[in-house]
Amino acid sequence: MSLHVVLGFGPAGAATARLLAEQGHSVRVVTRSGRGPEPGIEHVARDVTDSGRLTDAARGATAIYNCAAPPYHRWTSAWPPLASSVCAAAEATGAVLVMLGNLYGYGPVDGPLTEQLPLAATGPKGRVRAAVWERARELHEQGRIKAVEVRASDFFGPGVTDGGHLAARVLPRLLRGKPVSTLGDPDAPHSWSYVPDVARALAEVAGEERAWGRPWHVPTAPALSTREMVDRLAAGAGTGPVAVRGLPPAVLGAASVFSPLLRELKEVRYQFDRPFVVDSSAYEAEFAVRATPLDEQIKATVDWWRERSATTG
């Protein structure tokens, strides 16, 4: 069995670690606080910005999956040291660095998003995410590390809670048949990255040398608007149609006074005010992972939220 080290245990990190364990790998998860034991997964507590301790935790690893991220409001200051530490661990151990990225680095664009687009973000979060990848790519081209980035759109699916636009602000209300409010234009086409597909893509490119040295988009189902996704979720839940309202800018501005997350989301509001469509054809032309059929995504997500509601009240 080969050792695979996963940094972070949010929705994507947890899904990736569990998938790798199911595939028979030895899996070590590194988080700041650690966790209790879990079948097939070793959890260790480390500060991932401490390159020495992170390197020790990754000794002997075949791959390091960076699914960790700083708190959203601290991205500009905290991403550079985190990324530097992770790259240093990859260089010291020789492990493939598999980076979970997002689409912020492109900035606002017209038309579908492809990996060939320039990283032309104008906001600070987009610029810092672009810089993180550019530095890893530079080290890869110098032969110092082996790196690949897998870019996802907004997370959707089991395990996605507060950070998802179709999660904690939508599913609990939808399951009770109540109206939901969403960011931006609820009728703008939008791509949603199903977390199990994110994990499968991360695991696949780790073992594909021809994938290294460039970014790839997670295989993603055809774009649907927030309203269409809510309608599908409501149908899957059997609650009947629910009203979907976009949050007016004035309401969003007032709410952001009390919500750090909403305040920080202003930079990427363009993703919801206009079509935001991911083209994952490049990945699909080269590798095996495909987007899970939407009906399966919907069922798994509704079932997970129902189970969560039953256990948490």
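E134, R137 and E141 are linked in a network of salt bridges. A salt bridge here is a side-chain nitrogen of Lys or Arg within 4 Å of a carboxyl oxygen of Asp or Glu. Across the whole structure, the search finds 16 of them.

Some ground rules come next. This is a predicted model, in which local features need pLDDT of at least 70 and side-chain atom pairs count only at pLDDT 80 or more, while totals for chains, interfaces and linings use all residues. Residues are numbered from 1 along each chain as its sequence is written, and side-chain values use heavy atoms, with hydrogens and water left out.

Start with a salt bridge inside one helix. The side chains of D197 and R200 meet at 2.9 Å, N to O. Both residues lie in helix α6, 3 residues apart, which is about one turn of the helix. Helices are DSSP runs of H or I with at least four residues, strands are runs of E with at least two, and both are numbered from the N terminus. The two partners sit in different surroundings: D197 counts as buried, at 1% relative accessibility, whereas R200 is partly exposed, at 29%. Buried means under 20% relative accessible area, exposed means over 50%, and partly exposed is in between (1.4 Å probe, protein chains only).

Now follow the chain out of α6. Helix α6 covers residues 195-206, and R214 lies in the loop between α6 and β10 (215-217). R214 makes a salt bridge with E115, at 3.9 Å from N to O. That pair links distant parts of the chain, since E115 lies in the loop between β5 (96-101) and α4 (124-141), 99 residues apart from R214. E115 counts as buried, with 9% relative accessibility. R214 counts as partly exposed, at 25%.

What does R210 pair with? Its salt-bridge partner is E286, and the closest N and O atoms are 2.9 Å apart. R210 lies in the loop between α6 and β10, and E286 lies in helix α11 (residues 281-286), so the pair ties together parts that are 76 residues apart in sequence. Here both ends are partly exposed: R210 has a relative accessible area of 49%, and E286 has 41%.

Strand β10 holds H217. Is H217 buried or exposed? H217 counts as buried, with 0% relative accessibility. H217 and E149 are 68 residues apart in sequence, yet 8.5 Å apart in space, C-alpha to C-alpha.

Turn to the surface charge. R173, R176, K178 and R245 form a positive surface patch. Patches are made of residues with over 30% relative accessible area and no salt bridge, with like charges joined within 9 Å and nonpolar side chains (Val, Leu, Ile, Met, Phe, Trp, Tyr) joined within 5 Å. Lys and Arg count as positive and Asp and Glu as negative, while His and the chain ends are not counted. A charge is placed at NZ of Lys, CZ of Arg, CG of Asp or CD of Glu. The accessible areas come from the Shrake-Rupley method with a 1.4 Å probe, and for residues only the protein chains shown count as cover. Within the patch, K178 lies in the loop between α5 (171-175) and β8 (180-182). K178 is partly exposed, at 36% relative accessible area.

Next, the earlier part of the chain. E22 is found in helix α1 (residues 11-22). E22 is exposed, with a relative accessible area of 66%. The C-alpha atoms of E22 and G40 are separated by 7.9 Å, and the two residues are 18 residues apart along the chain. T31 is in strand β2 (residues 26-31). T31 counts as buried, at 12% relative accessibility. From T31 to R269 the C-alpha separation is 30 Å, with their positions 238 residues apart along the chain. R59 lies in the loop between α2 (51-58) and β4 (61-66). R59 counts as partly exposed, at 47%. R59 and T114 are 55 residues apart along the chain, and their C-alpha atoms are separated by 35 Å.

Last comes the annotation. In an unreviewed entry, UniProt lists residues 8-208 as "domain: NAD-dependent epimerase/dehydratase". UniProt positions are given in the numbering used here, feature names are shortened, and annotations may be inferred rather than shown by experiment. In the model, the end C-alpha atoms of residues 8-208 lie 22 Å apart. That span is 37% helix and 19% strand.
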